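I opened the model and kept a running notebook. The entries below follow the order in which I looked things up.

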Amino acid sequence: MAEEEDSFVYDEATGEWISAAAAKAKAGAADSVEVRDSVGNLLADGDQVTLIKDLTVKGAGQTLKRGTLIKSIRLTGDPQEIDCKYEGIKGLVLRAEFVRKR
């Protein structure tokens, strides 16, 4: 226990050395971010969502239509963004305000 208090870890987000205990607490807080969809439902990794409006995808040259089903989302740690996979679009990130949990 005393070794953990004396050890330090480099935090890439801030660029500073922080204690191991502080890093552990920070990691626990990052996991507890709540992501909610447009109607207030709590989202989790692996959920299926539907788009609530037409979205133009920058760089892909296509539009995702309202009602499009997105399977197996992944939370990013940001309360407003979710990472998605969709055919033909690599690295799709959607804002939670434009989706509804299915």
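**Entry 1: the hairpin**

I started from Tyr10 and looked for its bridge partner in β2, which is Trp17. I note here that the model is predicted. I then took the two strands as a pair. Strand β1 covers residues 8-11 and strand β2 covers residues 16-19. They run antiparallel, and four bridges join them.

Next I checked the connection. β1 and β2 form a hairpin, with four residues between them. I looked at the backbone in the turn and found Gly15 with a positive phi of about 75°.

**Entry 2: the surface over the hairpin**

I asked which residues form a nonpolar patch on the surface. I found Phe8, Tyr10 and Trp17. Together they have about 410 Å² of accessible area. Tyr10 and Trp17 are the bridge partners I began with. I placed Phe8 in strand β1. Is Phe8 buried or exposed? Its relative accessible area is 54%, and exposed means over 50%, so Phe8 counts as exposed.

**Entry 3: the sheet β9-β10-β11**

I moved on to an open sheet of three strands. The order is β9-β10-β11, and the pairing is antiparallel. I asked which strands stand at the edges. They are β9 (74-75) and β11. Each has a single partner strand, so one side of each has no neighbour in the sheet.

I then looked into one pair in this sheet. Strand β10 spans residues 81-86 and pairs with β11 in the antiparallel sense, over five bridges. I picked Asp83 and looked for its bridge partner in β11, which is Val93.

**Entry 4: the largest pocket**

I looked up the largest pocket and read off its space, about 180 Å³. Which strand gives the most to the lining? It is β11, with seven residues. I also noted that β6 (55-57) and β11 (89-95) each supply at least two residues of the lining. I went through the lining residues, and Val93 is one of them. Val93 is also the bridge partner of Asp83. Others in the lining include Leu55, Lys58, Arg95 and Phe98.

**Entry 5: Leu64**

I found Leu64 in strand β7, which covers residues 62-64. Is Leu64 buried or exposed? Its relative accessibility is 2%, and the cut-off for buried is under 20%, so Leu64 counts as buried. I then compared positions along the chain and in space. Leu64 and Tyr86 are 22 residues apart along the chain. Their C-alpha atoms are separated by 9.7 Å.

**Entry 6: the sheet β8-β5-β12**

I closed with another open sheet of three strands, in the order β8-β5-β12. Its pairing is antiparallel. The edge strands are β8 (69-70) and β12 (99-101), and each pairs on one side only. Strand β5 holds residues 49-51, and two bridges join it to β8. I checked Val49 last: it stands opposite Ile70 in β8.

Note on methods. Residues numbered from 1 in each chain as written. Predicted model: local features only at pLDDT ≥ 70, side-chain atom pairs only at ≥ 80, totals over all residues. Heavy atoms only, no water. Pairing = 2+ DSSP bridges. Patch = residues over 30% accessible without salt bridge, like charges linked within 9 Å, V, L, I, M, F, W, Y side chains within 5 Å. Areas by Shrake-Rupley, 256 points an atom, 1.4 Å probe, with all protein chains shown as cover. Salt bridge = Lys/Arg side-chain N within 4 Å of Asp/Glu carboxyl O. Buried < 20%, exposed > 50% of the residue type's maximum accessible area, 1.4 Å probe, protein only. 1 Å grid on protein atoms, 1.4 Å probe; cavity = no way out; pocket = protein on both sides within 12 Å on 5 of 7 lines; lining within 4 Å. Points joined across faces, edges and corners; volume = space filled by probe spheres on them.
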